[in-house]
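Student: I have a structure on my screen and would like to know the reasons behind the labels people put on it. Could we go through some of them together?

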Amino acid sequence: MNLLDHRIAAEPYYRPLGGEITLFEAAYASRMPMMLKGPTGCGKSRFVEHMAWKLGKPLITVACHEDMTASDLVGRYLLDSNGTVWHDGPLTRAVRHGAICYLDEIVEARQDTTVVIHPLADDRRVLPLEKTGELVTAHPDFHLVISYNPGYQSVLKDLKESTKQRFAALQFVYPDAALEAEIVAHEAGIGLTDARLLVAIGERARNLKGHGLNEGASTRMLIHAGQLMARGVAVEDACQVALILPISDDADMRAALTAAVAACLR
Amino acid sequence: MSADAALRFSALQGRLGGFIGALWAQHPKLQSLAPEGLDPPRRVNFGHGVIRVPEAFRGIPPDAQSRLFHAALAHAGAHLRYTTARLLPGGLKPLQIALVSLIEDARVEHLAMREFPGLRRLFLPFHVAEPAHGALVPALLARLARALIDPDYADPDFWVMKGRAMFLAAAEDWHDPAVSRRIGGLLGNDLGQMRVQFDAKAYIVEPAYRDDNLGLWVPAAAPPAADSETILEAARAEKSETEPPRGEDGEPDNQPANATRPADPGDDTGMPIATYPEWDFLIRQARPNWTTLRAYKPKPGDKAAIDGIIGDHAPVARKLSALIRTACASRPRRLRHQAEGDALDLDACINAAISLRAGEMPDPRIYTRVERRIRDLATLVLLDVSQSANDRLPGGLSILALERAAAALLGEAMESLGDRFAISAFCSNGRHDVRYCAIKEFAAPFDDDSKRNLAGLKAALSTRLGAALRHAGAELARESAYRRLLLVVSDGEPSDIDIGDRRYLAEDARQAVQELARRGIDVFCVGLNAGGGSDFGRIFGRHRVFQIDRIESLPEKLPQIYLRLTA
C-alpha cells in the first residue's frame, strides 16, 4: 500500500512567518513528534499539508472529537462472511506505511484516547494493537504531528502532562499586518489594498478577544471575506457574512463589530 | 417609552464597550451618568480608566442617539489613544484652556480618522454650527470646531479661518500633543485682544459627542473640574462601600490576647443547633460533644454591592459563561455496550458474533445510545470569615471582599449550570461558640436574598475549622447526590482563642476531612495564604488543595477550580 490518495500533488500555498519550515524539517529528520500550537484559522493545517508536500510523504489527517475512542484511531474488527477481519484505523495505517499522521485538535479527544499515541511518541516508535496482540513497529517515514489550541476551554480540556512532554512544539500566531494582507490577497484573489482593509478589520475583532469574543477573527475568516469580495460582494456585506455573523451570537458584540467595520471603511 | 429606553446608554452599553474595545484595543470601564434634570446638558467625562457617559443626550432626535453614543465613545477612545499625557494648565486662562482642548479634540480626531476613515461619517453630522449662529464665544468655538473637521465648511469669520489654516498647516506634527497648546494659545490671544466675553462656568462643549475636556487636564488646585471630580469621588465612595469596614485592630487570631476581645458587638447570640466531637491528637481520641455549633442569621447587606462586584468582574463573568456553555454542551455522552439503545454498537456486535461462532453465550449488550449526562452533584462552599479575612491586600481590597466576589461569581456560575449548591460561612469564638452562617441553602435559589446575605458578611474572630467541616458535611450528607463536594475557602490555618497548640486544631480538621471522605464527601480547599507554609496539605491532602498565590485572582480562579473539579 503506498497511500496514493494521501499524497499531495500540488504545492499548497504557505507563506512562512519565521523559521518554522527549517525547524520542522530538522524535527522530521529525527522523527521528533511535533505539536503545532496556535489559535484557530492561523494556518496550522495548511502548514502540515505544505510540509507533507515538501517532504514528499503521504499525509493522514484525523479530526479529533470528544466521542472518539482508541479504536477509531487504531482500528477494529469488522464482520465479513467468513468471520471477523481486522481493519486498521488511520493511525495504524500511517504507522505501517510511513505517512505523516496529523491529529487535528487533539484536546477534543478524551484523555484515555490520546494515551495510545504514547508509545509512538517516544523512542520506542511502536504501536501495540491490544485487540490483535500485534506490535506494529513504525515505518521509518512515519511522523506524528498534533495540533493543539490552548484556548479559553483549556480549563476543562487540557493535554496530560505525559502527552505534552513527548512533543516538540511550534507556536503559530496570526501573521503581522503586512504579511497577513499578502496572504489574504493571494488566497482570496483580491488586490492588496482590499486585503489590507480586511486585515485592519480583522485587527478590530482581535482586540475584542477575551472581552466578549472567545477568539479573534482568524486569517481564514479574512480570506473568506476576501473571496466574497472577489466575487463582487461589497466589503460591508462580505464582512457581515464571513466575519461578524459567524464569530459571535451576542447581538451587542455583532453591533459593536458592525460599527467598528463601518469606522474602518472610507 | 420602551423604544425610548432602548436608546438610552445603559441599553447600548454592551455594544458601545465592544465598539471602543474593537477600535482602540482598550477596555475602559463604562459608567452611566444620571439623566440631567434642568441642569446644563452633560457631556462625556473620562479619567482613571473610566468613561462616564450621560444616560441620554437632551435635544437629540431619537434616531441619532445611538450614533451620538458611538461618536462620543470613538472620540473618548481617540483621546485615550492619542492624548498620551494630561496637559498642565500652567498659567492658561479659561478661554485658552477651552481653545487648547478644542484643538486637541480636532487633533486626536484627525489622527483617529487617518486610521479609521469611517469615523468622519460618524462625527460630521453633529457639527451643525454655522455663521448664522452668531459671533459670541461659544458659537465661535463651535464654528471653529466644525471648520477644523469639515473640509467643505466655509466660514466668513477671519479668526475661524485663521485657526483652520494654522491647524492644517501643522498636519505633519499632529502626532505631537504640543501642537494643540501652541495653536490654542495663539488663537486664545487673538480672541483676548478682541475682548470678547467668555463665561467658563456656563460653557458647554459643542458638538454634543465631545467630552467635557476635564480628562485632558491635570486638575489644578481650584479646578474648574469641580463638578466632575465630585462624580469621581462618588464613584470611589460607591466602590469602597462594597468592602467591609476594616476591623479595629489587626491582631492575628491565634494570639492569646484575643481571649479578652469582647465578643462581636451587635451580633445577637446564635441558636445552638448541634454539638460535634473534636479529635485530640495527643490522646488519640475524640472528645465527644466537645464543640457547640451555633447558627447565626446572616445580616442582609446591600445587594447592589454584589451586583457591583459582578459588574466589576464582567470580563471574568463573560469568560466563565463561555466555559459554562462548553461544560453544558459537552454533557451528552455516548454510552456503549448497553442492553438497549438506538443504534448497534459495532464493537459489541463483533464480539457477540465472535462468541456465537465460538459456541459461547454472546453478551446481549450490543447497543449504543447517546445520553445527556446529568450533573448529579451537590456542592457546599464554606467560607472562612475569621478576623484575618479583614487583611487588606496591596491593591486595597480585603480578603473578605475577594471571597465575596469569588462566591458571587461562583454562585452565578453554579446557578446557570443548574447545579445544587449552598454557601455558608463560619468563624469561631471558643469551643462553645462555633458560628455558622448559611448564606444560601440548598433549597433556596441564588436570588436577591442570597446576594444580600453575601453582601452583609462580616469577618471576625477565629477559625475552628474542624467543627465547621463536620457541620457542613452533615448538611451535605442530607443531600442525595451521586457526588458531594465540600469546597473550603480559607486564608489561614485553624486557630481559636482557647487553644494554645497550633497542631491541635489542624489535626482535628484533618480527622474531620477523613471522616467526611469515608462518608463519600469530597473535601477540597482553596488556600489563600500567599506566603505558603500552611498546614492545608496536611489537613486536606496535597492533591486536594489549590493554593492561590495571587489572591487578587481568586474571583477568577474559584469558579475555574469548581468547573475543573466537576467536569
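**Reading the labels**

Tutor: Gladly! Let us begin with Phe536(B), which is buried, with a relative accessible area of 1%. Keep in mind that this is a predicted model.

Student: What makes Phe536(B) count as buried?

Tutor: Buried means under 20% relative accessible area, and Phe536(B) has 1%, so the label fits. Phe540(B), at 4%, is called buried because its value is also under 20%.

Student: Why is the pair Phe536(B) and Phe540(B) called tilted?

Tutor: Take the distance and then the angle. The ring centres are 6.1 Å apart, within the 6.5 Å limit, so the two rings pair. Their planes make an angle of 55°, which is neither under 30 nor over 60 degrees, and therefore the pair is tilted. Both residues lie in helix 17 of chain B, 4 residues apart, about one turn of the helix. Over all chains the count is 14 aromatic pairs, and one aromatic cluster is formed by Tyr14(A), Phe24(A), Phe47(A) and Phe172(A).

Student: How do you know that Lys164(A) and Glu161(A) form a salt bridge?

Tutor: The closest N and O atoms are 3.5 Å apart, and the limit is 4 Å, so the pair qualifies. The two residues are 3 apart in helix 6 of chain A, about one helical turn. Lys164(A) has 23% relative accessible area and Glu161(A) has 47%. Partly exposed covers the range between 20% and 50%, so both get that label.

Student: What makes Glu206(B) and Arg43(B) a link between separate parts of the sequence?

Tutor: Their side chains meet in a salt bridge at 3.1 Å, N to O. Glu206(B) lies in the loop between helix 8 and helix 9 of chain B, and Arg43(B) in the loop between strand 1 and strand 2 of chain B, so the pair ties together parts that are 163 residues apart in sequence. Arg43(B), at 10%, is buried because that value is under 20%, while Glu206(B), at 39%, is partly exposed. The peptide bond from Glu206(B) to Pro207(B) is cis, with omega near -10°.

Student: Which residues of chain B have a positive phi without being glycine?

Tutor: Among them are Asn289(B), with phi near 45°, and Leu461(B), with phi of about 65°. Asn289(B) is in strand 5 of chain B, whereas Leu461(B) is in the loop between helix 14 and helix 15 of chain B.

Student: Why is Asn289(B) called exposed and Leu461(B) buried?

Tutor: Exposed means over 50%, and Asn289(B) has 54%, so it qualifies. Leu461(B) has 5%, which is under 20%, so the label is buried.

Student: How do you know that chain A and chain B are in contact?

Tutor: Contact calls for heavy atoms within 4.5 Å, and by that rule 38 residues of chain B are in contact with 36 residues of chain A. The chains bury about 3100 Å² between them, 61% of it on carbon and sulfur atoms. There are 2 salt bridges between the chains. Asp252(A) and Arg15(B) meet at 3.4 Å, N to O, within the 4 Å limit, so this pair counts as a salt bridge.

Student: Which element of chain B gives the most to the side that touches chain A?

Tutor: Helix 2 of chain B does, with 8 residues. By class, that side of chain B has 18 nonpolar, 9 polar and 11 charged residues.

Notes
Residues are numbered from 1 along each chain as its sequence is written. Chains are lettered from A and ligands numbered from 1 in the order in which they are written. This is a predicted model: local features need pLDDT of at least 70, side-chain atom pairs count only at pLDDT 80 or more; totals for chains, interfaces and linings use all residues. Side-chain values use heavy atoms; hydrogens and water are left out. Buried area is the accessible area (1.4 Å probe) that two parts lose on being put together, summed over both. Ala, Val, Leu, Ile, Met, Phe, Trp, Tyr, Cys and Pro count as nonpolar, Asp, Glu, Lys and Arg as charged, and the others, Gly among them, as polar. Rings of Phe, Tyr and Trp (its six-membered ring) pair if their centres lie within 6.5 Å; planes under 30 degrees apart count as stacked, over 60 as edge-to-face and the rest as tilted. Buried means under 20% relative accessible area, exposed over 50%, partly exposed in between (1.4 Å probe, protein chains only).
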